[in-house]
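Here is a short report on one protein chain. Keep the sequence and the model open while reading.

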Amino acid sequence: MQKILLYNYISRKKEIFTPLHKGWVGLYTCGPTVYNYQHIGNYRTYIYEDILRRTLEHAKLKVKHVMNITDVGHLASDADEGEDKLETGARREGKNVQEIVKFYTDAFVADTQKLNIKRPAVLTPATAHIKKQIALVKKLFEKGYAYDTSEAVYFDVSKFKGYEKFSRQKLSQTRTGAREEVIIHTQKRNPHDFVLWFKTVGRFERHIMHWPSPWGEGFPGWHLECSAISTNYLSQPFDIHTGGVDHIYPHHTNEIAQSEAVEGKQLARFFLEGEHLLVQGGKMAKSSGTMFTLRDLEEKGFNPSAFRYLVLTAHYRTKLNFTWESLAAAEQSLKRLKDFVLELKDASADAKDRNNTVRAESRTRLAKAVVEFEKAIFSDLDTPKALAVIWKLINEYRKSAEEKKLKIDPKAALMLIYNFDNILGLDLNKIKKEKIPVEIIALAEKRETYRKEKNWTEADKIREELAAKGWEIKDATKGMRIKKI
Ligand SMILES: [Zn+2]
């Protein structure tokens, strides 16, 4: 097995990954805020995280995967008046906050299933961990990092040495805590201090979800839940923390500050940050109608697996441009890949015993593909390269089949592709042959008779008739193959 290299955002370098504990990996991924459907940009992140998990599993490591569900206190936007996203969702849909949380959590889980994203071992809402979050704030007080005001409890960033280390941005150059600053916190000591505990006073007086705390009724700041949940299940430090580049500052920066201030040790050994998904060349935005959800894709007749394939065509640390054309192209490629799987299935069913020279040749070729595939995927999850290895194999197989000198054993190749697909997650082992209608089979057989009689004109006429009905006939060594166009 080759070494796993991951680009660690802490060092900004590819590093060899070895787990902290023998045989298992602690993986924390920041989860969704469940006030609406997730958009496809979110799903790009969840897909690369799923590839990471599957790659680690491929390397025979057990992965303990933990994800939070933000169901409280995530403030809406810069323009907002201190309202929680959940409450905005509830008002928009005439439901209560609990109903909104349940509805969109279920929708998220259903979407991830459609995208073949493995479910985390722990998928847990922030509201199930309020006590732990309060305990964290208490510890931050004990250690001198927190201070209380009449509006909120804050984390004092000037007390935490190395606050700028993760983002490598000078505080003076960063926007002041975008989410919270807008609420005009007049009592902050430093503009970059962030909220640990909101109090239900002033603008937050009518906030629906609140809990008692030593500092008064209120609700936790957004970053707190990830610090509390990750270390609760994975302890500190744990192996890998992931998210998207928009998490670097302030979210991951603040998670690190809180957790490391409390424990005096690293939060996670590796941080992975996935790049943005662009839509039609620009940043996704509600105002331009480009914040597509999986539903939008399905409404246009696309299968979610086409989106998964599209995501795999770009490395997770590069920007990926989503257009309807690029999605259609991805769908076509996936279809061709599936056709190849069916071809291999057919060929393995009627494979003759091959001689030893051919078998040895096939083994060598396939072993080479394994090395190349693993090299790609273990090199910071290079999915485009991994896909290229498969396409190379397909071309070689087809070429040798055409020349009637099959050098690659179809059954072994099929098993290999299934094995690769354990990482890619395209469900290639679930492909079933299309049910061919009786009338189509009858037509194809009629054509076969004409062919045997060398009546090419009639045979061609039937081929055209079949094409008009959406079916294609291929003449294989052993009889014919009928498939949908
Ligand atoms: Zn987080």
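## Overall build

The protein has 15 helices and 15 strands. The model is a predicted one. Its C-alpha trace spans about 95 × 50 × 35 Å along the principal axes. Of the 485 residues, 40% count as buried. Look at contacts in the protein with a separation of 6 or more: residues 24 or more positions apart account for 72% of them.

The domain assignment gives domain 1 (19-274), domain 2 (298-430) and domain 3 (438-484). The C-alpha centres of domain 1 and domain 3 lie 60 Å apart.

## The parallel sheet

Start with an open sheet of 5 strands. Its order is E5-E4-E3-E10-E11, and the pairing is parallel. Strand E5 (122-125) and strand E11 (268-274) are the edge strands, and each pairs on one side only. From one strand to the next, the twist averages 20°.

Inside this sheet, E3 and strand E10 (residues 238-244) pair in the parallel sense over 3 bridges. One residue pair can be named here: the bridge partner of Tyr 28 in E10 is His 241.

## Leu 20

Leu 20 lies in the loop between strand E2 (13-16) and strand E3 (24-29). Is Leu 20 buried or exposed? Leu 20 is partly exposed, because 15 other C-beta atoms lie within 10 Å, whereas a buried residue needs 20 or more.

Which residues does Leu 20 contact, leaving aside its neighbours within four places in sequence? They are Asp 239 and Arg 269. Asp 239 is 219 residues from Leu 20 along the chain, yet their C-alpha atoms are separated by 6.3 Å.

## Strand E7 and its partners

Strand E7 covers residues 152-155. Ala 152 and Tyr 154 point one way from the strand. Val 153 and Phe 155 point the other way. All four residues are buried.

E7 pairs with strand E6 (residues 146-148) and with strand E8 (residues 194-199). The table sets out both pairings.

| Pairing | Sense | Bridges | Residues standing opposite |
|---|---|---|---|
| E6 and E7 | antiparallel | 3 bridges | Asp 148 and Val 153 |
| E7 and E8 | antiparallel | 4 bridges | Val 153 and Trp 197 |

Val 153 thus appears in both rows: Val 153 stands opposite Asp 148, and also opposite Trp 197 in E8. A hairpin joins E6 to E7 through 3 residues.

Phe 155 is a good residue to inspect next. Leaving aside its neighbours within four places in sequence, Phe 155 is in contact with Leu 140, Tyr 145, Ala 146, Asp 193, Phe 194, Leu 196, Ala 257 and Gln 258. Ala 146 belongs to the residue range of E6, while Phe 194 and Leu 196 fall in that of E8.

## The nonpolar core

In soluble globular proteins, nonpolar side chains tend to be buried together. Which residues have the most contacts inside the largest nonpolar core here? They are Leu 140, Phe 155 and Leu 196, in a core of 112 residues. Helix H1 (residues 40-58) gives the most to this core, with 8 residues. Domain 1 (19-274) and domain 2 (298-430) both give residues to this core, so the core lies between them.

Phe 155 links these last two sections. Phe 155 is one of the buried residues of E7, and Phe 155 contacts both Leu 140 and Leu 196.

Key
Residues are numbered from 1 along each chain as its sequence is written. This is a predicted model: local features need pLDDT of at least 70, side-chain atom pairs count only at pLDDT 80 or more; totals for chains, interfaces and linings use all residues. Domain bounds come from an automatic or database domain assignment. A residue is buried if 20 or more other C-beta atoms lie within 10 Å of its own, exposed if 12 or fewer, and partly exposed in between; C-beta atoms are placed from the backbone. Two strands pair if DSSP finds at least two bridges between them. Two residues are in contact if their C-beta atoms, placed from the backbone, lie within 7 Å. A nonpolar core is a set of buried Ala, Val, Leu, Ile, Met, Phe, Trp, Tyr and Cys residues joined through C-beta atoms within 7 Å. Axes are lines fitted to C-alpha atoms, for helices over the stretch in contact, and angles run from 0 to 180 degrees between N-to-C directions.
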